[in-house]
Amino acid sequence: MPKDPALATGTGTGPHHVAIIMDGNGRWAQARGRPRLFGHHAGARRVREIVEACPDLGVKYITIFAFSTENWKRTQVEVAGLMSLFRRYITKEAKALHDEGVRVRFIGDRVRLDKKLIALMDELEQLTAENDKVHLTIALNYGGRDEVARATKRLAQDVAAGRLDPEQVDEETLPKYLDTCVLPDPDLVIRTSGEARISNFLLWQSAYAEYEFIDTLWPDFSREIFAELVQNYGARDRRFGAVKA
C-alpha cells in the first residue's frame with residue numbers, strides 16, 4: 001500500500017510498541033439495531049487498517065486484545081460467533097498479512113481453544129515467522145493474571161528441577177517466562193469506547209506504559225485517530241520514576 005504522507009511522523013519519538021484494548025464492538029452494533037456479532041465483524045475489518053498504518057507511524061510492534069479469559073462468561077451464541085470469526089479472520093487475512101511483511105504471534109492460554117483454531121494459529125505463526133516489517137501480536141484467551149500464574153508455574157518447575165537458582169530470581173527473571181518474552185514492553189496502551197480500565201491486559205508489561213482512554217468505539221477507530229494518538233505520545237515527558245535535572 002502506498003505511503004500516506006499525512007500519517008508519517010518521521011520524528012523518531014513515537015511509540016515503538018502500541019497495545020490496544022479494542023472495546024465497543026457490541027455497543028457499536030446495538031446502536032445500529034444490529035446483533036453484537038455484527039460489531040465484532042466490523043471491528044475485525046478495522047484491524048487491517050490499523051496494522052497497515054503502523055510502518056508510516058514508526059510503530060514496529062502492535063498488540064491487540066481480541067478475547068480475554070473473562071470473555072467466556074458471555075452468551076454461548078456470542079462466544080461461538082467470536083470463535084468462528086477468529087477462524088475466518090486467520091484464513092482470510094493470512095496471505096495479505098504475509099505479503100505485507102507482518103509477523104503474527106498469538107499470546108494467551110490455548111488449552112481451551114478448539115483444535116482447528118489452534119492449528120490455524122500455528123500455521124499463521126509459521127507462515128509469517130521470517131517477516132519483520134510489523135510485529136502483530138493477538139491476545140486470544142488471554143488474561144494478565146493468568147499469564148503471570150502460568151509463567152510463575154514454569155519458573156517454579158525450573159527451580160524444582162535445579163535449572164534455576166531461586167536466589168537469582170529477580171524482576172528480570174519472570175519476563176523470560178511470560179507469553180511476551182520475545183517482545184518489548186508496550187510504550188503506549190490505547191483503550192477505545194470510553195472505559196477507563198485496563199481489564200487484566202498486559203499487567204506486568206505495562207508497568208511504565210502511557211495510556212490513552214478515548215471515547216471512540218473500536219469499529220470507528222481510524223488511521224487518523226491512531227496517528228493523532230501516536231503523535232501525542234511524542235509530546236509526553238516519560239521519566240520512569242526519575243526526576244529530570
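## Salt-bridge exercises

D23, R27, R191, E195 and R197 are joined in a network of salt bridges. The model is predicted. It holds 19 salt bridges.

**Exercise 1.** Find the salt-bridge partner of E52, and state how many residues separate the two.

*Solution.*
- Start with the partner. E52 pairs with R48, with the closest N and O atoms 3.5 Å apart.
- Check the cut-off. A salt bridge requires the nitrogen within 4 Å of a carboxyl oxygen, so the pair qualifies at 3.5 Å.
- Place the pair. Both residues lie in helix 2 (residues 36-57), 4 residues apart, which means a separation of about one helical turn.
- Assign exposure. E52 is partly exposed at 22% relative accessibility. R48 is partly exposed too, at 26%.

**Exercise 2.** Locate the salt bridge of D146 and R150, then class each residue as buried, partly exposed or exposed.

*Solution.*
- Take the distance. The side chains of D146 and R150 meet at 2.8 Å, N to O.
- Find the element. The two sit in helix 5 (residues 144-160). They are 4 residues apart, about one helical turn.
- Class D146. Its relative accessibility is 25%, so D146 is partly exposed.
- Class R150. Its relative accessible area is 17%; buried means under 20%, so R150 is buried.

**Exercise 3.** Which residue forms a salt bridge with D158, and is each partner buried or exposed?

*Solution.*
- Name the partner. D158 bridges to R163, with the closest N and O atoms 2.7 Å apart.
- Class D158. Its relative accessible area is 16%, so D158 is buried.
- Class R163. Its relative accessible area is 60%; exposed means over 50%, so R163 is exposed.

Key. Residues are numbered from 1 along each chain as its sequence is written. This is a predicted model: local features need pLDDT of at least 70, side-chain atom pairs count only at pLDDT 80 or more; totals for chains, interfaces and linings use all residues. Side-chain values use heavy atoms; hydrogens and water are left out. Buried means under 20% relative accessible area, exposed over 50%, partly exposed in between (1.4 Å probe, protein chains only).
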